[in-house]
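Subject: Structure handover and findings

Dear colleague,

Please find below the structure that I am handing over to you. My notes on it come after the structure itself.

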There are 2 protein chains.
Amino acid sequence: MCSAPIPRSRTGRPRSARADAAILEATRAALVELGWSKLTMGDVAGRAGVAKTTLYRRWASKNELVVDAVAVLFDELELPDRGSLTADIEGVVRQFAALLERPETKTALMAVIAESTRDEPLRERIRVSIVERQKRLVLEGRRRAQARGELPTTSGTAPGTDDLIFDVIAGAVVHRALVSAEPVDAEWVRRFTALLLGGLAAAAAQP
Amino acid sequence: MCSAPIPRSRTGRPRSARADAAILEATRAALVELGWSKLTMGDVAGRAGVAKTTLYRRWASKNELVVDAVAVLFDELELPDRGSLTADIEGVVRQFAALLERPETKTALMAVIAESTRDEPLRERIRVSIVERQKRLVLEGRRRAQARGELPTTSGTAPGTDDLIFDVIAGAVVHRALVSAEPVDAEWVRRFTALLLGGLAAAAAQP
DNA sequence: GCCTTTCGCTACGCCTCGTAGCGTAACGCC
DNA sequence: GGCGTTACGCTACGAGGCGTAGCGAAAGGC
């Protein structure tokens, strides 16, 4: 999330936090207007009102800049208690779909993932800033469902189940929205959730 | 799939089919070596032994070229009858995962999908050349499972079910392999298939 | 008030893009 | 076999982005 992890000198002129915010905001604006492929570092610098060199002092490449600019959007995802596991899943699926509808996430997410297949540090950055960060939703949802008695306790659950569920939910929604390019409407959400819950129930029945 | 659909004049020197094949092969080789972002049209032309202008006469952009170069790889997917729906699903999931392990598909697939979010014709090209084309696997698998009595007949199945299943399978595997960047090993395949089948069984029990 | 670091700015070499123009090569048709 | 048509290889070009270097000025810590 932060442009320079920690090891920054204590002396000298400090980096402008204002510039950081302006750059990330400008990056998102540029993504909306231009999309990933036509976004240029010079353009972002111009929008943010900073010099291009300032930009390169903080982010080594367009990839890392965009990851940071988009990552914060995913933190908007929430999991309010809707009373049942079904409602909780449907709610988060709808939220995630809405997030993927936004042009800046739509055009950036797949692009940085594509780049990450050839760039291990970038993949790690994505994993830490976005993927692992949002698994909290699965953990919270399961914890709540267990409290309600809708799912068996953790002791009876195989390790890696949360990862599996996360891949299924996020993967299906992304594929529906960006690859199939068809709407994630109420009907689809209902049916997908029913499918997933049916699978979870079956798994709970016979470990 | 074909570079120029059909409306090509009958007179004059015909386009070299040899060049077509060489270009697509060179594109795949370049994807393996350089990845998506560093692949250039000039480089592909050089590898294929053709002039850069020849390349532009057939494909308007790098995006369309790569879609055509990669699309044929997906046709390798097969669905041999493995005796049960479980085995059929596990088999195709393994095949799909193996395909996504190949560097040329790994780096290209996400990239062209990212581009397609801002390029309607490209999205359509992907849909026709790859996505819709591979739904045949779902249709065939369901048909077979119905013949075995493992699934109810089509009449009792809601429309769009095949699309849902396709999004779940393809989405989950892609997400596991490229986003989570963890191996699609035998254990994961087994558990994912069990989850999906449990969901299908539940859906069949109560329409 | 000095030292250190960042800042904005300008300029640069390098590369890729996509196109234009040329002469030549390969085919269908008569 | 000749003619018309189209594709081909080649060269060259302007446009534009990349990433870096070097400068003087500004903004903090001590």
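The notes below take up the relation of the chains, their interface, a contact within chain A, and the two DNA strands.

Please bear in mind throughout that this is a predicted model.

Relation of the two chains

Chain B can be laid on chain A with an RMSD of 0.0 Å, by a turn of 180° and a shift of 0.0 Å along the axis. The two copies are thus related as by a two-fold rotation axis. Of the interface residues of chain B, 100% are also interface residues in chain A, so the copies meet through the same surface.

The interface between chain B and chain A

In this interface, 50 residues of chain B are in contact with 50 residues of chain A. The area buried between the chains is about 3,800 Å², and carbon and sulfur atoms give 62% of it. B:Arg118, B:Arg191 and B:Leu195 supply 17% of the area that chain B buries against chain A, which is more than any other three residues.

As for specific contacts, there are 14 residue pairs in polar contact between chain B and chain A, and the salt-bridge count between them is one. That salt bridge is formed by B:Arg176 with A:Asp167, with the closest N and O atoms 4.0 Å apart. On the side of chain B that touches chain A, the elements giving two or more residues are α1 (17–38), α6 (103–116), α7 (120–148), α8 (161–179) and α9 (186–205) of chain B. The largest share of that side, 13 residues, comes from α8(B). By class, the side of chain B that touches chain A has 26 nonpolar, 12 polar and 12 charged residues.

A salt bridge within chain A

Over all chains, the count comes to 49 salt bridges. One of them joins A:Arg148 and A:Asp88, whose closest N and O atoms are 3.1 Å apart. This pair links distant parts of the chain, with A:Arg148 in helix α7 (residues 120–148) and A:Asp88 in helix α5 (residues 85–101), 60 residues apart.

DNA strand C

DNA strand C is surrounded by 23 residues, the closest being A:Gly12, A:Arg13, A:Thr54, A:Arg58 and B:Tyr56. Of the strand C atoms within 4 Å of the protein, 61% belong to sugar or phosphate and the rest to bases. A polar side-chain atom of A:Arg13 lies 3.1 Å from a base oxygen, and one of A:Thr54 lies 2.4 Å from a phosphate oxygen. A polar backbone atom of B:Met41 is 3.3 Å from a phosphate oxygen of this strand. The elements giving two or more residues to the surface near strand C are α3 (52–58) of chain A, together with α2 (41–48) and α3 (52–58) of chain B. The largest share, four residues, comes from α3(A).

DNA strand D

DNA strand D is likewise surrounded by 23 residues, and the closest are A:Tyr56, B:Gly12, B:Arg13, B:Thr54 and B:Arg58. Of its atoms within 4 Å of the protein, 59% belong to sugar or phosphate and the rest to bases. A polar backbone atom of B:Arg13 is 3.2 Å from a base oxygen of strand D, while a phosphate oxygen is 2.5 Å from an N or O atom in the side chain of B:Thr54. With four residues, α3(B) gives the most to the surface near strand D. The residues of that surface divide into five nonpolar, 11 polar and seven charged.

Yours sincerely

How values were computed:
Residues numbered from 1 in each chain as written. Chains lettered and ligands numbered in written order. Predicted model: local features only at pLDDT ≥ 70, side-chain atom pairs only at ≥ 80, totals over all residues. Heavy atoms only, no water. Least-squares fit on C-alpha atoms with pLDDT ≥ 70 in both. Contact = heavy atoms within 4.5 Å. Near = heavy atom within 4 Å. Polar contact = N/O pair within 3.5 Å; in protein donor to acceptor, adjacent residues only side chain to side chain. Buried area = accessible area lost by both parts, 1.4 Å probe. Salt bridge = Lys/Arg side-chain N within 4 Å of Asp/Glu carboxyl O. Nonpolar A, V, L, I, M, F, W, Y, C, P; charged D, E, K, R; others polar.
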